[in-house]
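Colleague: I should be grateful for a close look at a single part of this structure, set in the context of its surroundings. Please give the cut-offs behind each term as it arises.

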Amino acid sequence: AETWDSVPLAPPDSIFKLTATYKSDTFPQKVNLGVGAYRDDDNKPWVLPVVKKVNEILLNDPAVDHEYLPITGLPEYTAAAAKLILGADSPAIKEERVVSVQTISGTGANHLGALFLSRFYQWDGPKQVYLSDPTWINHFAIFRNVGIEPLTYPYYDPKTIGLDYTGFIGSLESATPRSVFLIHACAHNPTGVDPTKDQWKKIADVVLEKKHYVFFDSAYQGFASGDLDNDAWAVRYFVERGVPLLICQSFAKNAGLYGERVGALHVVPPSKDAANRIKSQLSVLQRSEISNPPAYGARLVSLILNDPALFEEWKRDIRTMAGRIIDMRKELHELLTEKFKTPGNWDHIINQIGMFSFTGISTDQSLALTEKAHIYLTTNGRISMAGLNSHNVHYFAENLDKVVR
Ligand code: PLP
């Protein structure tokens, strides 16, 4: 027998497979609603104008070299990134108890955060994390990789195509005290369903009462509502209430820097002393995994965050992206309800937020869209609003109408 005979063939990643099938389809009106990246109205990737500008600045800066960054990353980047998510006047930052480490985008932040908890969280029982049902599918593998067993808590209610608030609160209440809950900071992937402010407050109450630990995943700040502060509201509120937590941050979507892998992990312990000890251990973990993070993307983001004029330009670019997505939601909703008079209630299309929308259609209906109309989406009925534009939204609405009748 050969050495590698026992290696089983793994299935291809479903999203990347969907994209490959879409690419090989020669039908002119084909639509890709599986994409997890922003597209402009011509279905093209969009380099943010502010990113183009800072690119030029970096390329022409004679002081830029290719030395290693420190283990925990570019200090002016991580400090600005912490301010962005926690708020410039965050008491936790003032009290010097925020530990920020540059990571390989949001995925790397999730990994480092999970690895850190696996090693250092005071587990009372088995190492377990509660993930929303459903969640970004990669969460399962990320936690399993570091020996933490994923469990799920109710989140999405198919009957209302909205939040299963009672179920969510119920699991917070019934979980053993000091459990770890992964919560999406905003623009929940894949459902597009977020708690309201009042619901967030009650969630924080129960989390505090049960002394749970919150693992915030923030991959869409600004991209959801178009406003950076608004999309950070839940995180800032939880910090203000003194919830023990960490935050995984990504600049993939809101800066369109998908391939540059710019992210950060922020751990917010109650004291500066704890922060120092945590930082020392995160450095040890980071050193053994990647030695030090990549420099280029962090330099780009640092320039944007630390220059008031560039920061304003970035906010404008974010509003362009979020605005186009919100417009698509409105247009799709209008087509379904007014033009096609599609059976059912479609208000969730405009109530949901962020790049993704759970349409509420079945697996069979999703498959029918692909087979009959060359419209590619995951079989859970999730569509990426970024894949819709003024040229294809009518075609999509018409075919969605057909499959639900
Ligand atoms: N977390 C969630 C919920 C996501 O949707 C994504 C991307 O799709 C990520 C994290 C991480 O993305 P990246 O590693 O590209 O920053």
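Modeller: The account below begins with conventions and the chain as a whole, and then turns to one central strand and its surroundings.

This is a predicted model, in which local features need pLDDT of at least 70 and side-chain atom pairs count only at pLDDT 80 or more, while totals for chains, interfaces and linings use all residues. Residues are numbered from 1 along each chain as its sequence is written.

The chain has 16 helices and 13 strands; helices (H or I, at least four residues) and strands (E, at least two) are DSSP runs, numbered from the N terminus. Its radius of gyration is 22 Å, which agrees with the value near 22 Å for a compact globule of 405 residues; the radius is taken over C-alpha atoms, and the globule rule is 2.2 Å times the number of residues to the power 0.38. Along the principal axes, the C-alpha atoms fill a box of roughly 60 × 60 × 55 Å. Of the 405 residues, 43% are buried. A residue is buried if 20 or more other C-beta atoms lie within 10 Å of its own, exposed if 12 or fewer, and partly exposed in between, with C-beta atoms placed from the backbone. Among contacts between residues at least 6 apart in sequence, 74% join residues at least 24 apart; a contact requires C-beta atoms, placed from the backbone, within 7 Å.

The part chosen for the close look is strand β10, which spans residues 262-268 and has seven of its seven residues buried. Both faces are covered: Val262, Ala264, His266 and Val268 lie on one side, and Gly263, Leu265 and Val267 on the other. On one flank, β10 pairs in the antiparallel sense with β2 (residues 99-104) over six bridges; two strands pair if DSSP finds at least two bridges between them. Within this pairing, serine 100 has histidine 266 as its bridge partner, and threonine 103 has glycine 263. Five of the six residues of β2 are buried, so β2 is largely enclosed by the rest of the structure. Strand β9 (residues 245-250) is also antiparallel to β10 and is joined to it by six bridges. There, serine 250 stands opposite glycine 263.

Serine 250 leads on to the ligand. Ser250 is among the residues that come nearest to the ligand, together with Ser105, Gly106, Thr107 and Asn189, out of 13 residues around it; a residue is near if its C-beta atom, placed from the backbone, lies within 6 Å. Helix α5 (residues 105-120) supplies the largest share of this shell, with three residues. By class, the shell has four nonpolar, eight polar and one charged residues. Here Ala, Val, Leu, Ile, Met, Phe, Trp, Tyr, Cys and Pro count as nonpolar, Asp, Glu, Lys and Arg as charged, and the others, Gly among them, as polar.

Helix α10 (residues 233-240) also belongs to the surroundings of β10, for the buried residues of α10 pack against α3 (75-86), α4, α8, β8 (213-218), β9 and β10. The buried residues of α10 are Ala234, Val235, Phe238 and Val239. Seen down the axis of α10, these residues fall within an arc of 135°, so they line one face of the helix; the arc is that of the directions from the helix axis to the C-beta atoms. An α-helix has 3.6 residues a turn, so residues three or four places apart point the same way. Just after α10, glycine 242 takes a positive phi of about 80°.

Some backbone features deserve separate mention. Most residues other than glycine have a negative phi, and most peptide bonds are trans. Asparagine 189, cited above for the ligand shell, is joined to proline 190 by a cis peptide bond with omega about 15°. Proline 190 lies in the loop between β7 (180-184) and α8 (197-209). Alanine 187 lies in the loop between β7 and α8, and its phi is near 50°, a positive value in a residue other than glycine. Alanine 187 is buried, with 26 other C-beta atoms within 10 Å. Glutamate 96 also has a positive phi, near 55°, and is found in the loop between α4 (91-94) and β2. With 11 C-beta neighbours inside 10 Å, however, glutamate 96 counts as exposed.

Technical notes:
Two residues are in contact if their C-beta atoms, placed from the backbone, lie within 7 Å.
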